[in-house]
Amino acid sequence: MASDASNVPSVREEPTERAPTPPHEQPPPPPVPVPDPIQVPVPAPFRLARDSDAAAVVELVNSAYRGDSGRAGWTTESDYLDGQRMDEDIFHQDVMDSPDTKCLLVLPESAWVAPSGESASTSSGTNSTSSGDGERLVGCILVERVSPSSAYIGMVTVRPTAQGGGLGSKLLAAAEAYAVARFGAEKAVMTVLHMRHELLAFYARRGFLQTGERVPFMYGEPRFGIPKRDDLEFVKVEKSLVAPVL
């Protein structure tokens, strides 16, 4: 005789508890910004660049190295390169996001006087040329640790209207001192376009001597500029940052 299923008592299913996720499968916590463990004071009128300085640094660098604005100074690369020298993505990725790279700024512009005697700050400006503090930049320089004992110095920039007053030498001295204090550098290295004889002479007078090594130009990388000639390459120069023993 067939049994009546309706007479079979139902079995209540108790809810099962989900086993806790093993520790090794827990989602990682969001990253917490880690402050720079080494705080090196930077004397006025210099200060370290911040993310909010991106637009101002890009405007300053491109105005000094590219186009007609750069021809007002003597460091322009306009005869050899078109396009940009820097953009905000490069600034954030290659400078601000690297713990081994620092950018020193010079501001305000009114602190420096152009050779004509007119303060460079009297020139008109827009918000895009101001730093995160609203002050117009007049110069910047890059310092990057490239080995435990050496630092690369680059992007030496002085606003064209302020060139010729000694600020470039002050920028170099500040970068060298920072490389020693922050990175423990014993040597500074730079690269200069090989046809820039006046610039190589300027650096030589400040102790940067040619090593004999050449560095290829980054052809095919338009974010660093569009070359006007096919023979571009860099000369490598270096300077000892170790004080001589007397």
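How many bridges join S7 to strand S9, and do the two run parallel or antiparallel? In this predicted model, the count is five, and the pair runs antiparallel. Strand S7 covers residues 209-216, while S9 takes in residues 233-240. One of the pairings can be put down to individual residues: Val215 has Phe234 of S9 as its bridge partner.

Is S7 tucked away or in the open? None of its eight residues is buried, so S7 lies largely in the open. For a residue to be called buried here, its relative accessible area has to be under 20%, and the number of S7 residues that get there is zero.

Zooming out, the chain has nine strands to go with five helices. Reading along the sequence, the order is β-α-α-β-α-β-β-β-α-β-α-β-β-β. As for contacts, take those between residues at least 6 apart in sequence: 72% of them link residues at least 24 apart.

On the surface side, 39% of the 246 residues count as buried. The accessible surface adds up to about 14,200 Å², with carbon and sulfur atoms supplying 56% of that.

Then there is the matter of confidence. Average pLDDT for the chain is 79, and 69% of the residues reach at least 70. Residues 109-129 are another story, with pLDDT under 50 throughout. Even so, the model gives this stretch 39 contacts beyond four places in sequence.

Note on methods
Residues are numbered from 1 along each chain as its sequence is written. This is a predicted model: local features need pLDDT of at least 70, side-chain atom pairs count only at pLDDT 80 or more; totals for chains, interfaces and linings use all residues. Side-chain values use heavy atoms; hydrogens and water are left out. Helices (H or I, at least four residues) and strands (E, at least two) are DSSP runs, numbered from the N terminus. Buried means under 20% relative accessible area, exposed over 50%, partly exposed in between (1.4 Å probe, protein chains only). Contact means heavy atoms within 4.5 Å. Accessible areas come from the Shrake-Rupley method with a 1.4 Å probe; for residues, only the protein chains shown count as cover. pLDDT is the predictor's confidence in each residue, from 0 to 100. Two strands pair if DSSP finds at least two bridges between them.
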